[in-house]
Amino acid sequence: MTETFGFLLSDTSRLLRRRFDERARTLGATRTQWKALLGISRQEGINQGGLADILEVEPITLCRLIDRLEESGLVERRRDPNDRRAWQLFLTDKAHPVLDELRGRGAELTAQALRGIPEETIAQLSEVLNRIRENLADAPQPQKGVAHG
């Protein structure tokens, strides 16, 4: 079977996620928790709806995840001063070493995945993947209910 580009990209991504999950579990974390912590670290004070959009999860799913992170002492919810219905999310001091450790595990995994590949090739691959991402992000979205013909 000839593997298509899309299949190879998808399968590689799946394997990266699986290997990262294995490493994160040794720290008592999940990839989803790590992504939430990383998202909050990049945008301290983000509200739950905004983080749900970034993580591509339903708000109720994120709410349960944040509940667990808050119970673990990694995240703090604060009322949004501009919207009494919304909560802003902040990392606690306890979260920073956990994030550092998870970043370290991610770096180890990246090194393993790229082992034996020349730096020049890695740079080219990164450029190509960035371009593909830009192409897909800029692609026109199909309109619902519009007949083509």
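**Helix H3 and the nonpolar core**

Just after helix H3 in this predicted model, Glu56 takes a positive phi of about 55 degrees. At the other end, where H3 starts, the backbone nitrogen of Gly49 has a side-chain oxygen of Asn47 to within 3.1 Å.

Between these two places lies the helix itself, residues 48–55, in which Gln48, Leu51, Ala52 and Leu55 are the buried residues. These buried residues sit on the same side of H3, because the arc they cover around the axis is only 105 degrees. It helps to look next at what lies over them. The cover includes two helices, H2 (31–42) and H4 (59–71), along with two strands, S1 (75–80) and S2 (83–91).

One of the buried residues of H3, Leu51, also appears in the largest nonpolar core, a group of 24 residues. Leu51 is among those with the most contacts inside this core, together with Ile40, Ile66, Leu69 and Val75. At least two core residues come from each of H1 (5–25), H2, H3, H4, S2 and H5 (95–113), and H2 gives the most, with 5 residues. As background, nonpolar side chains tend to be buried together in soluble globular proteins. Leu69 offers a closer view: leaving aside residues up to four places away in sequence, Leu69 touches Gln33, Ala36, Leu37, Leu74 and Val75.

Ser10 is a further residue to find in the structure, and it belongs to helix H1. Is Ser10 buried, partly exposed or exposed? Ser10 counts as partly exposed because its relative accessibility is 46%, which lies between the cut-offs of 20% and 50%. Along the chain, Ser10 and Leu38 are 28 residues apart, and their C-alpha atoms are separated by 22 Å.

Definitions and conventions: Residues are numbered from 1 along each chain as its sequence is written. This is a predicted model: local features need pLDDT of at least 70, side-chain atom pairs count only at pLDDT 80 or more; totals for chains, interfaces and linings use all residues. Side-chain values use heavy atoms; hydrogens and water are left out. Buried means under 20% relative accessible area, exposed over 50%, partly exposed in between (1.4 Å probe, protein chains only). Helices (H or I, at least four residues) and strands (E, at least two) are DSSP runs, numbered from the N terminus. The arc is that of the directions from the helix axis to the C-beta atoms. Contact means heavy atoms within 4.5 Å. A polar contact is a pair of N or O atoms within 3.5 Å; within protein, one must be able to donate a hydrogen and the other to accept it, and residues adjacent in sequence count only if both atoms are side-chain atoms. A nonpolar core is a set of buried Ala, Val, Leu, Ile, Met, Phe, Trp, Tyr and Cys residues joined through side-chain atoms within 4.5 Å.
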